[in-house]
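Here's a quick walk through one protein model, going from a helix pair to a small sheet and on to a strand further along the chain. Have the viewer open and follow along.

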Amino acid sequence: MTKHRPVPASLDDPLYYLENMDILVAWVADHHADLLTEAERARLAAFANLATGPRALLTRMVMRTGELFRADKLRYPELPVPEAEALKLLVQEGWLNSAPELSLDDLFRLFTLAELRPVFGGWLQQQGYPKTLGKAQMRELLSEPFSAPRPLRDWLGDDGEAAQVVQLQDMALFDRIRLMFFGNLRQSWTDFVLVELGVQQFEPVPFTPESRAFQRRAEVDCYLQMHQCRERLDIGEPAADVWPDVPGPVDNPWLTSRRDRLLLELGRQAERQGEQELALQVWAASGHREARLKQLRLLERMKRFDDAWAIACQWQSKELSDAEAQGLGRLLKRLAPKVGADKPEPVDNPPLREFTLTLPRPDTGTVELAAVQHLSTEAAPVVYVENTLINALFGLLCWPVIFKPIPGAFFHPFHIGPADLTREDFVARRAQAFEERFGLLKTHAYKQHVRDTFQAKQGIANPFVFWPVLDEALLELALHCIPAHHLDALFRRLLHNIKEHRSGFPDLIRLVPDAEQPEQRYEMIEVKGPGDRLQDHQVRWLHFFARQGIPASVCYVRWQDDEANE
């Protein structure tokens with residue numbers, strides 16, 4: 001198969017989902033062939049060589065939940081051949097098993113109560129039960145005497161002559177290629193196969209063997225093993241039984257972050273199940289940013305204050321996000337008297353700038369738009385930007401870094417952004433590249449870089465750029481009014497915790513292009529209507545602005561008619 005940039009199917013084609021599945025299969029066969037066995041490569045080639053009708057039906061079945069299907073219930077009118085003909089070929093080619101053994105649960109999932117009553121009615125009457133039992137009651141009564149799996153004919157006898165159940169035979173292979181394409185098993189086939197990819201433009205990222213997240217088949221196996229562990233936790237299996245099957249530390253940063261998240265959840269389950277020592281052990285082994293605080297809080301509940309204090313003091317010296325620092329500060333304050341230590345000094349945050357507007361209640365629109373209409377002037381326009389403007393300026397300046405092809409970042413040509421965007425090591429793995437882009441802020445060169453990217457990448461998906469709200473006029477005003485050293489501070493804080501810091505920016509920005517001093521040329525304004533109050537992450541941004549000398553304020557809006565009625 002040739003290595004080319006695939007062209008997404010159009011929804012005008014009734015078999016568009018098959019074209020998208022063909023793209024996915026071909027991509028994995030092209031770029032991950034060395035991670036597949038000879039038998040798996042042969043199976044994917046056989047899939048590609050299937051006639052259109054059987055291949056489309058097989059795709060439909062792979063996309064659905066489970067491996068067992070009622071053949072007589074499969075109805076896809078867009079197929080170019082009858083379903084029965086496609087099924088027959090899929091059975092002949094070994095894609096389907098036409099006589100799988102079914103458990104009682106399988107049977108009750110596939111057949112209706114009306115279909116099951118003739119099968120089990122006689123036995124139930126012999127045991128003294130009425131014919132009118134519901135499906136759940138019937139299933140419970142039959143579970144012990146009919147516990148052994150058996151073929152459909154042995155279940156239904158002559159009553160099921162018209163019914164047929166088939167079982168997919170290659171779901172393990174399809175799950176493996178789904179993992180290699182998406183980089184996770186959280187996304188389903190429908191996330192790609194049933195999406196009209198052509199309506200979105202994607203940044204072309206070079207895909208080389210060196211940029212792959214998986215370099216060896218063993219790494220794919222490791223991911224699948226971790227996924228199985230997570231599934232076992234999700235169905236309630238004891239954490240103590242799952243823990244021995246969790247793979248050990250791996251020499252792959254991308255897999256390490258996956259393992260850290262698995263351990264975070266395993267620790268949660270262990271604590272819920274009363275396995276406190278196991279929870280402490282698991283969280284100590286996890287590098288996830290939430291694991292340390294959970295470990296400390298559990299030690300505190302177990303009254304192991306000295307242990308908690310020692311770990312907390314060591315952790316305090318590390319670089320923390322705002323939320324981590326806040327949680328750690330509260331913990332140290334509680335622990336200090338328990339270990340005979342001085343309480344930490346409270347953080348001395350500067351006061352916030354606030355003002356109040358009393359406005360007529362608008363017939364339509366939001367409180368933010370009412371504030372915009374009141375505050376905006378020709379010389380100092382006010383724009384409703386919320387989280388979009390600063391994120392967009394960052395996204396445009398750092399575009400080459402965001403789409404840098406490093407292992408675990410991109411798995412296929414249809415990424416809106418890097419897959420590791422919110423992982424703990426996202427910045428560390430690109431630190432030098434980010435510093436090079438931030439170096440542009442020390443000169444006027446950054447403005448032209450941002451302009452050039454805005455023109456060249458117009459409409460291309462970027463996780464930081466929301467194109468509908470960013471026009472050229474707003475971009476030019478922002479570049480003129482916001483000082484470069486303020487952008488540097490804002491961008492660095494954004495990178496400190498992307499997941500947490502991409503939101504919480506003030507609603508409005510006032511831009512004053514003719515002000516004498518750069519620091520007077522703009523102001524960010526958070527708007528709060530009656531009864532609304534600042535959220536924690538908004539307060540943290542506002543305190544940051546105050547410490548950095550970034551002009552920002554909180555505008556409390558009151559309605560005139562409310563005051564008149566007081």
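Let's start with two helices: α6 passes α7 in a left-handed crossing. This is a predicted model, so keep that in mind throughout. On the α6 side, the residues that make the contact are L113, L116, R117, F120, W123 and L124, and they meet K135, M138, L141 and L142 of α7. Sorted by class, that contact has 8 nonpolar residues, 2 charged ones and no polar ones. As for geometry, the axes of α6 (residues 113–126) and α7 (residues 135–142) come within 11 Å and cross at roughly 45°. That angle makes α6 oblique to α7.

**A second helix pair**

Now look at helix α1 (residues 16–31), which packs against α3 at an angle of about 80°, with the two axes 10 Å apart. The pair is therefore roughly perpendicular. From α1, the contact uses Y17, L18, M21 and D22, while α3 brings T52, R55, A56, T59, R60, V62 and M63. The class count for α1 with α3 is 6 nonpolar, 2 polar and 3 charged residues.

**The small sheet under α3**

Helix α3 (residues 52–63) also lies across β1, β2 and β5, and runs at about 80° to β5. Those strands form an open sheet of 3 strands in the order β1-β5-β2, with antiparallel pairing. Which strands are the edge strands? They are β1 (68–70) and β2 (96–97), each of which pairs on one side only. If you want a spot to zoom in on, F69 stands opposite V166 in β5.

**Strand β9 and its partners**

Further along the chain is strand β9 (residues 522–528). Is it buried or exposed? Mostly covered: 7 of its 7 residues are buried. Both faces are covered, with Y522, M524, E526 and K528 buried on one side and E523, I525 and V527 buried on the other. β9 pairs with β8 in the antiparallel sense and with β10 in the parallel sense. Looking at facing residues, L511 stands opposite Y522 in β9, and I525 stands opposite S553 in β10.

Here are the strand pairings, including the one from the small sheet:

| Strand pair | Sense | Bridges |
|---|---|---|
| β1 and β5 (residues 165–168) | antiparallel | 3 bridges |
| β8 (residues 508–511) and β9 | antiparallel | 4 bridges |
| β9 and β10 (residues 552–559) | parallel | 5 bridges |

**A glutamine to look at**

Q538 sits in helix α26 (residues 536–548). Why does Q538 count as buried? Its relative accessibility is 9%, and the cut-off for buried is under 20%. Setting aside neighbours within four places in sequence, Q538 is in contact with G504, E526, K528 and R533. Two of these take you back to β9, where E526 and K528 are on one side of the strand. For a sense of distance, Q538 and R304 are 234 residues apart in sequence and 34 Å apart in space, C-alpha to C-alpha.

**Zooming out**

The whole protein has 27 helices and 10 strands. Its C-alpha trace spans about 90 × 60 × 60 Å along the principal axes. Of the 566 residues, 48% are buried. Among contacts with a separation of 6 or more, 70% come from residues 24 or more positions apart.

Note on methods. Residues numbered from 1 in each chain as written. Predicted model: local features only at pLDDT ≥ 70, side-chain atom pairs only at ≥ 80, totals over all residues. Heavy atoms only, no water. Axes fitted to C-alpha atoms, helices over the stretch in contact; angles between N-to-C directions. Parallel < 35°, antiparallel > 145°, perpendicular 65-115°, else oblique. Left-handed = near helix turned anticlockwise from the far one by under 90°. Contact = heavy atoms within 4.5 Å. Nonpolar A, V, L, I, M, F, W, Y, C, P; charged D, E, K, R; others polar. Pairing = 2+ DSSP bridges. Buried < 20%, exposed > 50% of the residue type's maximum accessible area, 1.4 Å probe, protein only.
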